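Work through the exercises below with the sequence and the coordinates at hand. Each task is followed by a worked solution.

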Amino acid sequence: MDNAAPKQGIECRYLTQQMVMSYLSVSRTTLFRWIKADKIPYIQGPFGYRFDKEEIDEWMKSNHMSSSEKPVFVKF
């Protein structure tokens with residue numbers, strides 16, 4: 001399971017499933033639906049799925065998702 005959190009002060013380029021779900025505010029079901037449909041950039045290897053943060057940011061900016069699929073960000 002991907003429970004490893006980055007050390008404080010260290011920026012991670014490659015996000016785990018848990019990290020990208022939190023970053024995008026989406027459920028595991030939504031994330032895997034996007035992966036299965038090749039709607040989100042990811043890397044798959046023997047370590048599982050990883051997500052390049054720069055690619056995720058660019059993907060969000062380029063509006064690859066329809067408006068109904070975009071995550072809703074809540075500011076606290």
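**Exercise 1.** Place Tyr-14 in the secondary structure, and decide whether Tyr-14 is buried, partly exposed or exposed.

Solution. The model is a predicted one.
- Step 1: Tyr-14 belongs to strand S1, which covers residues 14-15.
- Step 2: The relative accessibility of Tyr-14 is 40%. Buried requires under 20% and exposed requires over 50%, so Tyr-14 counts as partly exposed.
- Step 3: Together with Ile-43 and Phe-47, Tyr-14 makes a nonpolar surface patch of about 280 Å².

**Exercise 2.** Determine how the strands pair, and which residues stand opposite one another.

Solution.
- Step 1: The chain contains three helices and three strands, in the sequence order β-α-α-β-β-α.
- Step 2: S1 and S3 run antiparallel and are joined by two bridges. Within S3, Asp-52 is the bridge partner of Tyr-14.
- Step 3: S2 (residues 43-45) also pairs with S3 in the antiparallel sense, here over three bridges. Gly-45 faces Gly-48 of S3, and a hairpin of two residues connects S2 to S3.
- Step 4: S3 is largely enclosed by the rest of the structure, because four of its five residues are buried. Gly-48, at 22% relative accessibility, counts as partly exposed.
- Step 5: For a distance check, take the C-alpha atoms of Gly-48 and Gln-17: they are separated by 8.6 Å, although the two residues are 31 apart along the chain.

**Exercise 3.** Find the salt bridges of the structure and state which parts of the chain they connect.

Solution.
- Step 1: Searching the whole structure gives three salt bridges.
- Step 2: Asp-52 pairs with Arg-13, with 2.8 Å between the closest N and O atoms. Asp-52 is in strand S3 and Arg-13 in the segment before S1, so this pair ties together parts 39 residues apart in sequence. Asp-52 is buried at 3% relative accessibility, whereas Arg-13 is partly exposed at 42%.
- Step 3: Arg-13 also forms a salt bridge with Glu-54, the closest N and O atoms being 3.9 Å apart. Because Glu-54 lies in helix H3, this pair ties together parts 41 residues apart in sequence. Glu-54 is exposed, with a relative accessible area of 54%.
- Step 4: Lys-53 and Asp-57 meet in a salt bridge at 3.1 Å, N to O. Both residues lie in helix H3, four residues apart, about one turn of the helix. Asp-57 is partly exposed at 22%.
- Step 5: Through shared partners, Arg-13, Asp-52 and Glu-54 are joined into one network.

**Exercise 4.** Describe the largest nonpolar core and the elements that contribute to it.

Solution.
- Step 1: The largest core has 13 residues. Those with the most contacts inside it are Val-20, Leu-24, Leu-31, Ile-40, Phe-51 and Ile-56.
- Step 2: Two or more residues each come from helix H1 (17-24), helix H2 (28-36), strand S3 (48-52) and helix H3 (53-61).
- Step 3: Take Val-20 as an example. Neighbours within four places in sequence aside, Val-20 is in contact with Leu-15, Leu-31, Phe-51 and Ile-56.
- Step 4: As background, nonpolar side chains tend to be buried together in soluble globular proteins.
- Step 5: For the chain as a whole, buried residues make up 29% of the 76 residues. The accessible surface is about 5,700 Å², and 52% of that surface belongs to carbon and sulfur atoms.

Terms used. Residues numbered from 1 in each chain as written. Predicted model: local features only at pLDDT ≥ 70, side-chain atom pairs only at ≥ 80, totals over all residues. Heavy atoms only, no water. Core = buried A, V, L, I, M, F, W, Y, C linked by side-chain atoms within 4.5 Å. Buried < 20%, exposed > 50% of the residue type's maximum accessible area, 1.4 Å probe, protein only. Contact = heavy atoms within 4.5 Å. Pairing = 2+ DSSP bridges. Areas by Shrake-Rupley, 256 points an atom, 1.4 Å probe, with all protein chains shown as cover. Patch = residues over 30% accessible without salt bridge, like charges linked within 9 Å, V, L, I, M, F, W, Y side chains within 5 Å. Salt bridge = Lys/Arg side-chain N within 4 Å of Asp/Glu carboxyl O.
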